[in-house]
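Me: I've got a model open and want to talk through a few of its details. Could you help me out?

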Amino acid sequence: MTRHVEIDSGSGFCFGVVTAIQKAEEELEKSGALYCLGDIVHNSDEVQRLARKGLEVITHADLEHLHNVKVLLRAHGEPPSTYLLAKRNNIEIIDATCPVVLRLQQRIKKSYDAEANERPQIVIYGKNGHAEVNGLVGQTSGEAIVIESVAELDKLDYSRPIALYSQTTKSLTGFKEIIAEIERRMLPGVRFESFDTICRRVANRVEKLQEFARAHDLILFVAGKKSSNGKVLYEHCREVNPNTRLIANANEIACEWLENAESIGICGATSTPRWLMEEVKWKILSL
């Protein structure tokens, strides 16, 4: 069977990840060694590629024991405590925080810095424990309330003002559902403000991705196991094409999936490198 195999032109690294990797590679070319606080991207194949160039992933616990070194902060961003620790240990920060995330951090901090009697409950629609969300909560000295779904809205006090923000990679649909339910519960006359802080470079991918998914018999969605964005976008593909498979790399392709599939589409998350999708394509063509 002659197969048509196409890679989605809109898939792959978002701007923030591209910038972080460029900064890492520039430093590695100069010195051959660099620490990165957490995986630079939620894709183990890309992390391993950079490790071979000299990028060493460290934890926050590791950071406490490092002195006089260079450390890259990835696109997800970090709480203020990380910067304070780096200064104390004479660590040079290479800051690759995504500009979209940085603006969101600043907005949340501004809300938190309001006079105590005017400060609203700061609510973040996001994944608890996610690196970006940890950085956002850190702007509020840990006081922000993280909500993952409508089911968790009982955590809020609807007699007090609320300021709602969103992790940059969450779905617009989910965010609108949260807004509608909070509005329904708010007591009359109590202030509720919502700030749409979802990255459009991510959110706008959904419609185009679904269009791509509809056009093929089989979709191979390539994403790292740790990618939250990958799980979300994969589900959007599966909504319109049930014959969608989630894989981390070319080694996970099952031959039986390819049977009777004349048209195969390959797409991925904002954390999926283009070279990984290319490998998937060549693996299919070789089978």
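Me: Which elements are included in what covers the buried residues of α2?

Reply: Quick housekeeping: this is a predicted model, where local features need pLDDT of at least 70, side-chain atom pairs count only at pLDDT 80 or more, and totals for chains, interfaces and linings use all residues. Residues are numbered from 1 along each chain as its sequence is written, and side-chain values use heavy atoms, with hydrogens and water left out. Helices (H or I, at least four residues) and strands (E, at least two) are DSSP runs, numbered from the N terminus, and buried means under 20% relative accessible area, exposed over 50%, partly exposed in between (1.4 Å probe, protein chains only). In α2, residues 44-53, the buried set is Asp 45, Glu 46, Val 47, Arg 49 and Leu 50, and their cover includes α1 (15-31), β3 (55-58) and α12 (274-286).

Me: At the start of α2, which backbone nitrogen does a side-chain oxygen of Asn 43 reach?

Reply: At the other side of this helix, α2 is followed by Gly 54, with a positive phi near 115°. At the start, the Asn 43 oxygen comes to within 3.2 Å of its target, the backbone nitrogen of Asp 45.

Me: Which strands stand at the edges of the open sheet?

Reply: The four strands run in the order β3-β2-β4-β5, with parallel pairing; two strands pair if DSSP finds at least two bridges between them. An edge strand has a single partner, so one side is left without a neighbour in the sheet, and that goes for β3 and β5 (92-95).

Me: What angle does the direction of α1 make with that of β4?

Reply: Axes here are lines fitted to C-alpha atoms, for helices over the stretch in contact, and angles run from 0 to 180 degrees between N-to-C directions. Contact means heavy atoms within 4.5 Å. α1 packs on the sheet, touching β2, β3, β4 (70-73) and β5, and its direction relative to that of β4 is about 165°.

Me: In β3, which residue is the bridge partner of Tyr 35?

Reply: β2 (residues 34-37) and β3 pair in the parallel sense, over four bridges. The β3 partner of Tyr 35 is Glu 56.

Me: Which element gives the largest share of the largest nonpolar core?

Reply: A nonpolar core is a set of buried Ala, Val, Leu, Ile, Met, Phe, Trp, Tyr and Cys residues joined through side-chain atoms within 4.5 Å. This one has 18 residues, and Leu 220, Ile 253, Ile 264, Ile 266, Val 280 and Ile 284 touch the most other members. Two or more residues come from each of β1 (4-7), β10 (218-222), α11 (255-258), β12 (263-268) and α12. The largest share, four residues, is from α12.

Me: How many disulfides are there?

Reply: A disulfide is a pair of cysteine sulfur atoms within 2.5 Å. The sulfur of Cys 267 has its closest cysteine sulfur in Cys 237 at 4.0 Å, too far for a bond. For Cys 255 the closest is in Cys 267, 20 Å away, so that's too far as well. The count comes to zero.

Me: With which side chain does the side chain of Glu 132 make a polar contact?

Reply: Glu 132 lies in α6 (residues 131-137) and counts as buried, at 3% relative accessibility. A polar contact is a pair of N or O atoms within 3.5 Å; within protein, one must be able to donate a hydrogen and the other to accept it, and residues adjacent in sequence count only if both atoms are side-chain atoms. At 2.8 Å, the partner side chain is that of Thr 168.
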